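Thanks for making the time this morning. I would like to walk you through one model, beginning at a single loop residue and working outwards from there.

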Amino acid sequence: MAEARQAATFRLDLGLGTPGQRWWNPALKEVGSAGLRSWRRSLAQCRDDVLSGACPAGPASGLFLLAAIQGSRFMQLDPSLGLVDWIKASLPAWGARWLPGCQGVLAATIFAGGLWMALLLTLHVVLRLLLRYQGWLSEPRGTLSLPTRSWLALVRIFSGRRPTLYTYQRSLPSLPLPSTAGTVAKYLESVRPLLSDEDFQALSSQAQTFLHTEAPRLQALLGLKAWWAANYVSDWWGEYVYLRSRSSLLGNSNFYILDFLSVAPTPLQAARAGNAVFAMMRFREQLGRGEIEPATLLGMRPLCSAQYRHMFNTTRIPGVSGDQLCHVRNSCSHHVAVLHRGRFFRLGTRGGPGGRLLSPRVLEQQLQHILDDPAPARPSEEHLAALTAAPRALWAQARASLQAGGRSTQAALEVVEGAAFFLCLEETPGPSNASPEVLLDKLAQSLLVGSGHSRWLDKSLNLVVFANGRMGLNVEHSWADVPVPSHMWEAILAAECFELGYAADGHCRGAPDPTVGPPERLLWAVPEEAAASIPLALREAQVLARDTECHILPFTHFGRGFTRRCRTPGSSFVQLALQLARFRDQGSFCLTYEACVTRSFHEGRTETVRPCTTEACAFVRAMEDPRLTDAQRLALFRVAAERHWALCRAALTGEGIDRHLFCLYLVSQLLCLPSPFLTQVRAERWKLSTSQSPTQQPRLFDPARHPDYICCGGGFGPADDDGYGVSYIFMGESMITFHISCKVSSPDTDSRRFGQRIQDAMLDVAALFGLGIGPSTRAQPGEAAREDRNSEPQQAPSVPSGLGH
């Protein structure tokens, strides 16, 4: 995913001097600061969870317990077994003359409060112990053993009747720290199929030297952090991979999510935006109250929900050496910032008695005002958003100039950065007579990079609504990974299509309100220093945008239902097909990045699975060897698929290798302790970066009744300039959608060609099972042809009918 490029390109420049000037102090200071930040977050979250009733019991349960204790004492009963009387006797005698019964009430209150806290602590400890169980991952798919069923029952019992989003948050276990010997051994195994015997021998020698020299000291410091902080990876990952990256966010970090594959529920831009804004603001309110159902892994294991706290009202503030995430509370942000034809507006979302959320029809009315406004953009205003696509240091300097500008400019910047999210109203990309396939690709490219000046890339969420009614999200990556905004996006699409709906004429349901005034136009008086940076930022952003190529492949031949019949995990099936497609496209194997969540641990984010294994390479070579039979290829496929699933299980349980190696490298830099082995690891290039977009709420969509209304996922830019970025999503039981990206400037890559390679590989792998899926019509095995991007294109992948402009 997009993080692969950030991880591969980050450079650490701490400016801490030479090894002789320091030893442990900077590293210990960093570990200590990380622990203090972790404890501060935990205390703040504990306070919020108690107030919201997600602890897993709220203040109401404490009041009920207090009332029960007081009532029992009124009825001459003592459930405390004498403890209340002992507390009463221990209290000072003040107040007894004026309030004779106050000591008894106070003693009962103290006892009830202590009992309530003890019950909460017991529930917390029991849940924490239960959530350490990982045995269900090792069981055959589709079956649950008696221990796992018992574990599930106990988790439900101790979670309360209605667990909320944050019920499990503080009970999640910490991410375990693997051993350096185990991590190094797994790493060497992962790169073995990519290296010659001589190179592998040299790397193995470096690894052994590392294990006996630098590794013990680095591991000791990491062990201290793993004990002291909630998660030994996530805070450093967020800071050094994302916030300290100085490159542009455009196409390098941000990712996109599209709505549906082939339909728009209304052709009216303002109506679609009105329903979407209403649904997102309502979701924000539910999120603030913790009313969203907790996310789970495979429907069983509760996941960390820490990332949800920064979904709305969050902006990445640029700095010269590092950025910061700025988050404001819901009570301080009741508006949405809107960009249309280079003009900025403040769209209020509340009004009327009690400050209730405006209805979708009224929001549509407000947005139509913006669309109908003929006023042009002011000088330097039209391309102002291009600054957010500039290298971060340049944007930091320009932003400082904006802050030092006039009062109107300061106010406009505060409105944009303090908004719940950013809304972009745009024209439909591509020519008006574009084919459905071309339009789909143009929508993906527009969502990912736009025109270079059409997104405020610092905002956590950019909602983009096109003139034809299609829409999607552009998401800033530092605050969350794909599953979190995808969870929200599924809820929004289901709400705006099936709950809110549209009238027969395409407008939002309800009636306009003529008493609501038009949105406020933001006034920018851009200082000369910032204005001088805009052309440079725009030129670089447009170069990045033009160099990004996106292609969406709707694979309609089969989906999860077929992989289930093959008794193979869907991700393993697709990953092996991707290895085959990449080999046919380039004629060689490459280091492959597959993102895997570690949110089953407290504050977990992602880990890397390396699908290009020795077993996968053997399978791919067998597919290209005409001397082998399908039975032999199928046997190798099953071995490779089992190996891939074993790697996924290891990553899910905190036994991955790449985050551990990242932290070891970071500590070596903090200690000025260079390691040739870790330097070699850091030099790796991910020429194939992949990710699966999860469908987390399938009950919201009905593929049988509404086959077109299923979220089709999203994509990201390639991790390497000569590589591919591939995201895929299982849409129901009979379809998979692939989102493919690459660089136009690379002579080796072509997204549409690679899409055809993927389709052929999927069909060829499926044909091995003899379940009615025929092989592709490629000329012959072993062919690794490379068509030029300007040559005659191959047959376009099939797209469902009804994909209109």
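Let me start with E603, which at 11% relative accessibility counts as buried, because the limit for that class is under 20%. This residue is found in the loop between β15, residues 592–597, and β16, residues 606–609, and its phi is near 60°, a positive value in a residue other than glycine. As a reminder, most residues other than glycine have a negative phi. There is a second case of this kind in C672, whose phi is near 50° and thus also positive in a residue other than glycine; C672 sits in the loop between α22, residues 658–670, and α23, residues 676–682.

Before going further I should say that this is a predicted model, so a word on confidence is in order. The mean pLDDT of the protein chain is 86, with 87% of its residues reaching 70 or more. Over residues 19–23, however, the pLDDT is below 50, and this stretch has nine contacts in the model beyond near neighbours in sequence. The pLDDT also stays under 50 over residues 779–805, for which the model has 64 contacts beyond four places in sequence. Where pLDDT is low, the predicted coordinates should not be read in detail.

Coming back to the region after β16, we meet T613, which lies in the loop between β16 and α20, residues 614–623. T613 is buried, with a relative accessible area of 8%, and, leaving aside its neighbours within four places in sequence, it is in contact with P193, R643 and L647.

What does H644 touch, once its neighbours within four places in sequence are left aside? The partners are S571, S572, Q575, E594, V609 and P611. H644 itself lies in helix α21, residues 630–652, and counts as buried because its relative accessibility is 3%.

That takes us to the packing of helix α21 against helix α19, residues 570–586, where the angle is about 115° and the axes are 9 Å apart. The crossing of α19 past α21 is right-handed. On the α19 side the contact involves S571, S572, F573, Q575 and L576, and these meet F637, A640, A641, H644 and W645 in α21. Sorted by class, the contact of α19 with α21 has six nonpolar residues, four polar ones and no charged ones.

A second helix pair can be described in the same terms. The axes of helix α13, residues 392–403, and helix α17, residues 528–546, come within 8 Å and cross at roughly 145°, and this crossing is left-handed. From α13 the contact draws on L394, Q397, A398, S401 and L402, and from α17 on E529, A530, S533 and L536. The residues here divide into five nonpolar, three polar and one charged.

Helix α13 appears again when we look at helix α14, residues 407–417, in which T409, A412, L413, V415, V416 and E417 are buried. The buried residues of α14 pack against α13 and against four strands, namely β4 (314–317), β6 (335–340), β7 (343–348) and β10 (422–426).

Turning to the nonpolar interior, which residues touch the most other members of the largest nonpolar core? Of the 80 residues in that core, they are M311, F421, L461 and L463. M311, not counting residues up to four places away in sequence, touches F283, L287, S460, L461, W479, V484, P485 and M488. A second, separate core of 50 residues includes A337, A419, C424 and I552.

I will finish with two residues that count as partly exposed, K442 and D721. K442, in helix α15, residues 436–449, has a relative accessibility of 33%; it touches P429 and G430, not counting residues up to four places away in sequence. The C-alpha atoms of K442 and C550 are separated by 7.5 Å, although these residues are 108 apart along the chain. D721, at 39% relative accessibility, lies in the loop between β18, residues 714–715, and β19, residues 724–730. D721 and T548 are 173 residues apart in sequence and 9.8 Å apart in space, C-alpha to C-alpha.

Definitions and conventions: Residues are numbered from 1 along each chain as its sequence is written. This is a predicted model: local features need pLDDT of at least 70, side-chain atom pairs count only at pLDDT 80 or more; totals for chains, interfaces and linings use all residues. Side-chain values use heavy atoms; hydrogens and water are left out. A nonpolar core is a set of buried Ala, Val, Leu, Ile, Met, Phe, Trp, Tyr and Cys residues joined through side-chain atoms within 4.5 Å. Buried means under 20% relative accessible area, exposed over 50%, partly exposed in between (1.4 Å probe, protein chains only). Contact means heavy atoms within 4.5 Å. pLDDT is the predictor's confidence in each residue, from 0 to 100. Axes are lines fitted to C-alpha atoms, for helices over the stretch in contact, and angles run from 0 to 180 degrees between N-to-C directions. Helices (H or I, at least four residues) and strands (E, at least two) are DSSP runs, numbered from the N terminus. A crossing is left-handed if the near helix is turned anticlockwise from the far one by less than a right angle, and right-handed if clockwise. Ala, Val, Leu, Ile, Met, Phe, Trp, Tyr, Cys and Pro count as nonpolar, Asp, Glu, Lys and Arg as charged, and the others, Gly among them, as polar.
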